[in-house]
Amino acid sequence: MFESIQYPGTKEENYQLLSKQLDSLLEGEPDTTANLSNASALLNQFLEQVNWVGFYLMKDGELVLGPFQGLPACVRIADGKGVCGTATSEKKTMLVDDVHQFPGHIACDAQSQSEIVVPIIKDGNVYGVLDIDSPIKSRFDENDQKGLEAFVDVLKKHI
Ligand code: SME
């Protein structure tokens, strides 16, 4: 049974702990859907002030909704569109302080004010993205970016 733990350190230390927790949680399980589902659930209990956390997966050139926690969301996002499609076309993390200022932002949950999207690049190919929305502006900083990119690096071993 999964047991919640405390994250008592600095943001950096807590993200390191989270990545270790992810690695042991997914250890030995080859099923990608199961692992992405548990990764989104783990993040959802770790992160404060978020209203959506989950994955979009690249299929036939477009991003398709994958395992997530939050309200039902838009299912398909074209490459290059929205924050998610920009992260995949530019192959870099998008840290958006105010989604209303991001041209082409796709609003799935009216509550969302800020967002971070980390592309998942596996063996040189875009596999998908980790997408996290917050109901407050400027929720994510560079420490979140580093921590979440490290989280995705661990996740890649299990998908
Ligand atoms: N806001 C995203 C769409 C996905 S939802 O946030 C869950 C975007 O602009 O790509």
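Here are two worked exercises on a predicted model, one on its largest pocket and one on helix α4.

**Exercise 1. Describe the lining of the largest pocket: which residues form it, and which elements give two or more of them?**

Step 1. Begin with the space itself: the largest pocket has a volume of about 200 Å³.

Step 2. List the residues around it. The lining is made of Tyr7, Lys11, Asn14, Tyr15, Gln45, Phe46, Leu47, Glu48, Gln49, Arg139 and Asp144.

Step 3. Now map the list onto the elements. Two or more residues come from each of α1 (11-26) and α2 (32-46), and α1 gives the most, with three residues.

Step 4. Finish by sorting the lining by class: four residues are nonpolar, three are polar and four are charged.

**Exercise 2. Check the span of helix α4 (residues 142-156), then work out where its buried residues lie and what they pack against.**

Step 1. Take 1.5 Å a residue. The 15 residues of α4 should then span 21 Å, and the end C-alpha atoms are 21 Å apart, which agrees.

Step 2. Pick out the buried residues, those under 20% relative accessible area. In α4 these are Asp144, Gly147, Leu148, Phe151, Val152, Val154 and Leu155.

Step 3. Look down the axis of α4. The buried residues fall within an arc of 160 degrees, so they line one face of the helix. Glu142 and Lys146 are exposed on the other side of α4.

Step 4. Find the partners of the buried residues: they pack against the helices α1 and α2 and the strands β1 (52-59), β5 (114-122) and β6 (125-134).

Step 5. Link the two exercises through Asp144, which is buried in α4 and also lines the largest pocket.

Notes:
Residues are numbered from 1 along each chain as its sequence is written. This is a predicted model: local features need pLDDT of at least 70, side-chain atom pairs count only at pLDDT 80 or more; totals for chains, interfaces and linings use all residues. Side-chain values use heavy atoms; hydrogens and water are left out. On a 1 Å grid over the protein atoms alone, a cavity is a set of points where a 1.4 Å probe fits but cannot get out, and a pocket is an open set with protein on both sides within 12 Å along at least five of seven lines; lining residues have an atom within 4 Å of a point. Grid points are joined across faces, edges and corners, and a volume is the space filled by probe spheres set on the points. Helices (H or I, at least four residues) and strands (E, at least two) are DSSP runs, numbered from the N terminus. Ala, Val, Leu, Ile, Met, Phe, Trp, Tyr, Cys and Pro count as nonpolar, Asp, Glu, Lys and Arg as charged, and the others, Gly among them, as polar. The expected span of a helix is 1.5 Å times one less than its number of residues. Buried means under 20% relative accessible area, exposed over 50%, partly exposed in between (1.4 Å probe, protein chains only). The arc is that of the directions from the helix axis to the C-beta atoms. Contact means heavy atoms within 4.5 Å.
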